[in-house]
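These are my notebook entries on a single model, kept in the order in which I looked things up. I begin with one pair of helices and work outwards from there.

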Amino acid sequence: MDALFSALKDFDFEKMLPKLDAYVGGLKFWAWLLLMVGPVLLLVLGILYTKNPPSDPNCSWAYGNKRIRSDRALWDRAHKLAGRTWMLLGGGLTCVGLLCGIIFMVVNALAAATIAVWVIVIELVLILGSKLLINGNLNK
């Protein structure tokens, strides 16, 4: 056992490991990727709801609640309104995310992460606000 430990004493494990930044990217890349997930999903949902809304009331990927599912006219109106709203909001937030990606190239990693957190918080507030706007418009 002592012979094994003496042989491993001078062995450098760090030289065997690859540089992980080359494979997984740095903090700036992950911050930008997390920043882009919400807007791209919102844009895709907006396009889906606009081009091909769900035809029958369901709970799987449709917009709405029990009241919206019970009224067919309200169901169609909800998806039309949600599709347009989310397509515009997702497109705008995607442009903001791309701009942040450009900004991330010139700032340090900590500043990029801080910007990403603030932009994600703003995205969440805007998404929740859009849901309140859509539901308020449907109540009229």
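Entry 1. I took up the relative direction of H4 and H7 and noted that the two helices are roughly parallel to each other. The model is a predicted one. The angle at which H4 and H7 pack is about 15 degrees, and their axes are 8 Å apart. I recorded the assignment as a consequence of the angle, because angles under 35 degrees count as roughly parallel. For handedness, I found that H4 passes H7 in a left-handed crossing.

Entry 2. I then looked up the chain as a whole. The protein chain contains 7 helices and 0 strands. Along the sequence, the pattern reads α-α-α-α-α-α-α. I also checked burial: 25% of the 140 residues of the protein chain count as buried.

Entry 3. I turned to H4 and H6. Helix H4 covers residues 27-51 and helix H6 covers residues 72-104; their axes come within 7 Å and cross at roughly 160 degrees. H4 and H6 are therefore roughly antiparallel to each other, since the cut-off for that label is an angle over 145 degrees. The crossing of H4 and H6 is left-handed. I sorted the residues of the contact of H4 with H6 by type and obtained 19 nonpolar, 9 polar and 2 charged.

Entry 4. The remaining pair on my list was H6 and H7. How far apart are the axes of H6 and H7, and at what angle do the helices pack? I found the axes 10 Å apart and an angle of about 165 degrees. H6 and H7 are therefore roughly antiparallel to each other. H6 passes H7 in a right-handed crossing. The residues of the contact of H6 with H7 divide into 19 nonpolar, 3 polar and 2 charged.

Entry 5. I next searched for the largest nonpolar core, which has 14 residues. Which of its residues touch the most other members? I listed Tyr 63, Ile 68, Trp 86, Ile 134 and Leu 138. The elements that give two or more residues to this core are H4, H6 and helix H7, the last of these spanning 109-138. H6 gives the most to the core, with 8 residues. I added a general remark beside this entry: in soluble globular proteins, nonpolar side chains tend to be buried together.

Entry 6. I looked up aromatic contacts. A search of the whole structure returned 2 aromatic pairs. One of them is formed by Phe 29 and Trp 30, with 5.5 Å centre to centre and 75 degrees between the planes. The pair is edge-to-face, because planes over 60 degrees apart receive that label. Are Phe 29 and Trp 30 buried or exposed? Phe 29 is partly exposed, at a relative accessible area of 40%. Trp 30 likewise counts as partly exposed, at 40% relative accessibility. I noted the reason for both assignments: buried means under 20% and exposed over 50%, so 40% falls in between.

Entry 7. I closed with Trp 30, which lies in helix H4. I compared Trp 30 with Ala 112: the two are 82 residues apart in sequence, while their C-alpha atoms are 9.9 Å apart in space.

Methods. Residues are numbered from 1 along each chain as its sequence is written. This is a predicted model: local features need pLDDT of at least 70, side-chain atom pairs count only at pLDDT 80 or more; totals for chains, interfaces and linings use all residues. Side-chain values use heavy atoms; hydrogens and water are left out. Rings of Phe, Tyr and Trp (its six-membered ring) pair if their centres lie within 6.5 Å; planes under 30 degrees apart count as stacked, over 60 as edge-to-face and the rest as tilted. Buried means under 20% relative accessible area, exposed over 50%, partly exposed in between (1.4 Å probe, protein chains only). Axes are lines fitted to C-alpha atoms, for helices over the stretch in contact, and angles run from 0 to 180 degrees between N-to-C directions. Helices (H or I, at least four residues) and strands (E, at least two) are DSSP runs, numbered from the N terminus. Angles under 35 degrees count as roughly parallel, over 145 as roughly antiparallel, 65 to 115 as roughly perpendicular and the rest as oblique. A crossing is left-handed if the near helix is turned anticlockwise from the far one by less than a right angle, and right-handed if clockwise. Ala, Val, Leu, Ile, Met, Phe, Trp, Tyr, Cys and Pro count as nonpolar, Asp, Glu, Lys and Arg as charged, and the others, Gly among them, as polar. A nonpolar core is a set of buried Ala, Val, Leu, Ile, Met, Phe, Trp, Tyr and Cys residues joined through side-chain atoms within 4.5 Å.
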